[in-house]
There are 2 protein chains.
Amino acid sequence: MLDTGVRGTRVAVVGTGLIGGSILLRLREAGLDVCGWDPDPDTQRYADQQGLTFAENLTDAVRDRDVVFLGGPLSSLPDTLVKVAKATGDQCVITDVGSTKSTVAAFALENGLAHRFVPGHPMAGTERAGLTAAIPAMFDGAAWVLCPSPEGLISQFRALSRLIIEVFEARIVPMDPAVHDSVVALSSHIPHLLAGSLAGAAARSPVSEAILGLAAGSFRDGTRVAGTPSRRTVDMLVNNRDFVLRQMELVDTFLADLSAALRANDVEALTAHLNQSRGLRESLLSRPMTRSAQRFPVAGPDELELDFLLRLGEAGGYLTGCATDSATVSYTAFQPA
Amino acid sequence: MLDTGVRGTRVAVVGTGLIGGSILLRLREAGLDVCGWDPDPDTQRYADQQGLTFAENLTDAVRDRDVVFLGGPLSSLPDTLVKVAKATGDQCVITDVGSTKSTVAAFALENGLAHRFVPGHPMAGTERAGLTAAIPAMFDGAAWVLCPSPEGLISQFRALSRLIIEVFEARIVPMDPAVHDSVVALSSHIPHLLAGSLAGAAARSPVSEAILGLAAGSFRDGTRVAGTPSRRTVDMLVNNRDFVLRQMELVDTFLADLSAALRANDVEALTAHLNQSRGLRESLLSRPMTRSAQRFPVAGPDELELDFLLRLGEAGGYLTGCATDSATVSYTAFQPA
């Protein structure tokens, strides 16, 4: 049962592809008043067929809304942000779902929109695309990055966190945009390079058909995100180029270490490297976390609260609760034990 | 309903870990008389608890059996093959489930056992280990490589194919051992190197915990097989070293092409490379195949039959049927359209 404050929130989703569409479907399922808009006529038609509430244009979609989620291609977000900010008042919280955060956060700051905008990134998705592939359960239990900042309004961060925790049961990971981009370079963007290289090498191989014939789980899982529409992957990589290239050095080094050990028939070194990989994989499947509660005065000053939030995300932690009364904001936080 | 001939087959599985155990469970489920053996006391105890038929020792397990599957660690297979061959008569067909084929095939030839042994490799598995992780459905619809050879007996290949198709509903891929090893280097062994490098780079990263905090589908799938017991992965890589290192050059080149295009901000080149990867991924999900029937005289000569079989596997095709009457063997074959 949703909290009364959250239930009454009026939301818009602008750009209803795989991610925006999944957000819209869950908000609707939770009983919120949500209006969608997408520039693509096929998407509009499909939304009509599904009985979703869609507006005729962007301005109508966002007018008088409390929260607006910006979806759509990464490169379209700055432009959409300006349009949405113009069509809404200062009480409206704007967030996005783009896979990099530094560019759009810097754009908002440069354009005097930092107080209107909380950069966001829900960490889930599939290699598919479009509203037809959207599912309301996409973000159940997922990490959802939000970027509070000294230039933003902490009240907006709190309201968004509460909405996302209540409606999506997601884990809020508060992060600085640059830290986010550095982390997702390895956790999300480089996996696309590796999957692309495995699939691409197989495509170029003279025994390509035989590879397809023998492909089992390791090849299927290892190439899955190579099925992502190329434009989306390119957008993401180009937008996060410096971090991707820098983090790629770590992967190249590890790969070179494995290859050197194999070339030298050095079973001991090979085993030691692979044990390090296996340890990380085990931590991924089961990470002991410590729960804590943190309180801050609603009226600020915000510095301590901001500091707590950004440290939590960088340390691998997340929020599962954010409650505000007239005097105090209370966070439920988990961090690695 | 199993064919009468197949139903009466008496089988042993020697080495009942993840793969051997799954084979044993399916054979048992299909109603065949199957006896297991494993040198590990914990595995023996677990088998007893589960009510599986296990022998006290290897010799008892394989005595008077029509077919013996050799499981267990890759490096143990040559030794086990000799022991099983000694404990059985010439009528008994021996096959293995190891992930490389050249070494064990050469060993069999050198030791005068090629007429007793059909090298095999069922192309399924998980990153888990042991009989406790075995499941009877492991090989449903999977590719299952068998290596017929001029030194082997084609009658053994036919009998094994029929058993595996009927009991496991697997696709038989007939292949030369060296072709197999070259193909699995890219389809199965290199995915372990890539998964290991992604997980290993994350383990070495200063933001390791934050990476775990934001890891979504692409990282989870991209690191899955890094959870494989290191000994198993090392065995596999070392045993197929030359092919792995050679095929790794293809992957390195593709990765370098992607990185160079990204570094140069060359969106067009990046897109073209990723489209090539995506094309391969699409072929993996949906490959148009042509069905055909092939017949050969049971009495031989075997050359034409062998040639058909080895070409079929190398071309990415497989068998879904193998029926023998007194005069003719009939194969149902699928190959890329």
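Student: What makes the pair Arg224(B) and Asp221(A) a salt bridge?
Tutor: In this predicted model, the closest N and O atoms of Arg224(B) and Asp221(A) are 2.4 Å apart, and the cut-off for a side-chain nitrogen of Arg and a carboxyl oxygen of Asp is 4 Å, so the pair qualifies as a salt bridge. The pair crosses between chains, running from Arg224(B), in the loop between helix 10 (217–223) and helix 11 (230–239) of chain B, to Asp221(A), in helix 10 of chain A.

Student: Why is Arg224(B) called buried, and what is Asp221(A) called, buried or partly exposed?
Tutor: Arg224(B) has a relative accessible area of 15%, and buried means under 20%, so Arg224(B) is counted as buried. Asp221(A), at 23% relative accessibility, falls between the limits of 20% and 50% and is therefore partly exposed.

Student: How many salt bridges are counted between chain B and chain A?
Tutor: The count between the two chains is six, and one of them joins Asp257(B) to Arg204(A), whose closest N and O atoms are 3.1 Å apart. The rule for polar contacts finds 23 residue pairs across this interface. On the side of chain B that touches chain A, helix 8 (residues 177–204) of chain B gives the most, with 21 residues, and that side divides into 50 nonpolar, 29 polar and 14 charged residues. The area buried between the chains is about 8,200 Å², of which carbon and sulfur atoms give 69%.

Student: Why does Ser187(B) count as buried?
Tutor: Its relative accessibility is 1%, and the limit for buried is under 20%, so Ser187(B) meets the condition. Ser187(B) belongs to helix 8 of chain B, and, when residues up to four places away in sequence are not counted, it touches residues that include Ile211(A), Leu214(A) and Phe219(A), as well as Met123(B).

Student: What makes Asp33(A) and Arg65(A) a link between distant parts of the chain?
Tutor: Their salt bridge has its closest N and O atoms 3.0 Å apart, while the two residues are 32 residues apart, with Asp33(A) in strand 2 of chain A and Arg65(A) in the loop between helix 4 (58–62) and strand 3 (67–70). Arg65(A), at 8% relative accessibility, is under the 20% limit and is therefore buried, whereas Asp33(A), at 34%, lies between 20% and 50% and is therefore partly exposed.

Student: How do you know that Arg311(B) and Asp307(B) lie about one turn of the helix apart?
Tutor: Both residues lie in helix 14 of chain B and are four residues apart, which is about one turn of the helix. Their side chains meet in a salt bridge with an N to O distance of 2.9 Å. Arg311(B), with a relative accessible area of 57%, is over the 50% limit and is therefore exposed.

Student: What makes the phi of Glu169(B) notable?
Tutor: Glu169(B) has a positive phi of about 50° although it is not a glycine. Most residues other than glycine have a negative phi. Glu169(B) is found in the loop between helix 7 (154–168) and strand 8 (171–174) of chain B, and its relative accessible area of 60% is over 50%, so Glu169(B) is exposed.

Methods:
Residues are numbered from 1 along each chain as its sequence is written. Chains are lettered from A and ligands numbered from 1 in the order in which they are written. This is a predicted model: local features need pLDDT of at least 70, side-chain atom pairs count only at pLDDT 80 or more; totals for chains, interfaces and linings use all residues. Side-chain values use heavy atoms; hydrogens and water are left out. Buried area is the accessible area (1.4 Å probe) that two parts lose on being put together, summed over both. A polar contact is a pair of N or O atoms within 3.5 Å; within protein, one must be able to donate a hydrogen and the other to accept it, and residues adjacent in sequence count only if both atoms are side-chain atoms. Ala, Val, Leu, Ile, Met, Phe, Trp, Tyr, Cys and Pro count as nonpolar, Asp, Glu, Lys and Arg as charged, and the others, Gly among them, as polar. Buried means under 20% relative accessible area, exposed over 50%, partly exposed in between (1.4 Å probe, protein chains only). Contact means heavy atoms within 4.5 Å.
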